Amino acid sequence: MTLPQKPTIPAPHPSATQAGTPAQPVALITGASSGIGEATAKELAARGFALILVARRADRLQALSEQLAVDYGTQSLCLSCDLSRREDLNGLMARTQPWLGESGRYLAVLVNNAGTGVWKVFADQQAGQIQRDIDLNVTALTTLSHAFVHEARKHGQPAYLLNVASLAGMLPTARFAVYAGTKAYVRQFSEILAYELRQTPIRVTCVHPGGVLTEFMEHSGQTLKGTTGMMSAEAVARLAVTAMLSGKASYIPGVLNKFSSLVRFLPAPVRLRLVERSMLITVQDTP
Ligand SMILES: NC(=O)c1ccc[n+]([C@@H]2O[C@H](COP(=O)([O-])OP(=O)(O)OC[C@H]3O[C@@H](n4cnc5c(N)ncnc54)[C@H](OP(=O)(O)O)[C@@H]3O)[C@@H](O)[C@H]2O)c1
């Protein structure tokens with residue numbers, strides 16, 4: 001996609017410069033308490049952003065916030081929030097306002113990273129888990145994207161939305177029907193948003209990681225047999241943030257993952273079998 005203008009970061013907020021205070025671009029990261037979200041927080045802190053760290057585990061967020069203050073002098077706000085609960089989700093942006101209002105801070109980046117999934121055949125999944133995954137991976141991501149676009153329109157500065165999908169959103173992955181389905185939504189949604197917003201200073205990037213060594217494996221019920229082809233959260237975060245700041249609409253981190261993504265062009269029965277086989281190289285089959 002050709003972008004009409006390439007925004008740069010950080011950029012001064014007009015109200016802040018009028019007041020003579022240096023402007024401070026802020027990045028809000030969901031799922032910042034571990035894995036890719038935590039690594040993305042470190043990456044953005046190193047690049048000079050102030051941070052709003054969101055997840056359920058307040059102690060993890062607080063520890064990260066303190067570490068980033070020491071390492072980079074980062075200012076951050078920790079918000080404990082269960083994004084799969086409608087009351088928590090709907091109240092989140094309002095909770096950021098008092099802090100954002102201080103010292104000319106403005107919301108320049110939203111990283112929709114929090115996500116969950118269950119590795120099991122669909123018929124054996126629990127209804128509550130299915131609903132939680134859809135609420136978090138789809139509803140929360142969509143609601144926060146909408147609020148972010150409105151906020152970015154208001155301040156008018158270059159703004160970046162980074163949505164974390166998965167290679168599973170491109171490749172139909174058996175035992176991950178709901179998870180892969182939600183990530184296919186993230187992919188489609190992000191692509192359309194990037195197109196609709198192309199004439200504005202808001203850039204939308206969708207990143208599609210393959211296997212990443214994080215707590216996700218354990219939480220989703222995957223038992224690893226090996227780590228072939230898996231990436232570190234730090235490498236994924238560094239590549240994703242670079243793709244986001246260069247205005248890429250879609251990005252697959254890692255050469256092997258780029259190559260694997262081509263499987264989507266094969267006929268359905270072939271790609272389903274191929275993806276299943278390649279998953280079972282690293283992950284134990286479910287009973
Ligand atoms: N690891 C992989 O192989 C892989 C591959 C492709 C894509 N991804 C995607 O990458 C993203 C990050 O996953 P990860 O691998 O870094 O796993 P992770 O270490 O388990 O991180 C998930 C993050 O989401 C947060 N979270 C979970 N449920 C939440 C809720 N209801 N409300 C708010 N926050 C919640 C968790 O924090 P709390 O528990 O503290 O709330 C945690 O910070 C996910 O969207 C995942 O689908 C992962």
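In this predicted model, burial is a good place to start: 43% of the 287 residues of the protein count as buried. The overall dimensions fit alongside this figure. The C-alpha trace spans about 60 × 40 × 35 Å along its principal axes. For 287 residues, a compact globule would be expected to have a radius of gyration near 19 Å, and the protein has 19 Å, so the value agrees with that of a compact globule. Contacts also reach across the sequence: among those in the protein with a separation of 6 or more, 70% are accounted for by residues 24 or more positions apart.

Turning to secondary structure, the protein is made up of ten helices and seven strands. An open sheet of seven strands runs in the order β3-β2-β1-β4-β5-β6-β7, and the pairing is parallel. At the edges of this sheet lie β3 (76-80) and β7 (250-251), each of which pairs on one side only.

The β7 edge can be followed in finer detail. Strand β6, covering residues 202-207, pairs with β7 in the parallel sense, and two bridges join them. Within this region, Val207 has Tyr251 of β7 as its bridge partner.

A helix also packs on the sheet: α2, formed by residues 35-46. Helix α2 touches four strands, namely β1 (24-30), β2 (50-55), β4 (105-112) and β5 (159-164). For a reader tracing the chain, the direction of α2 makes about 170° with that of β1.

Methods. Residues are numbered from 1 along each chain as its sequence is written. This is a predicted model: local features need pLDDT of at least 70, side-chain atom pairs count only at pLDDT 80 or more; totals for chains, interfaces and linings use all residues. The radius of gyration is taken over C-alpha atoms; the globule rule is 2.2 Å times the number of residues to the power 0.38. A residue is buried if 20 or more other C-beta atoms lie within 10 Å of its own, exposed if 12 or fewer, and partly exposed in between; C-beta atoms are placed from the backbone. Two residues are in contact if their C-beta atoms, placed from the backbone, lie within 7 Å. Two strands pair if DSSP finds at least two bridges between them. Axes are lines fitted to C-alpha atoms, for helices over the stretch in contact, and angles run from 0 to 180 degrees between N-to-C directions.
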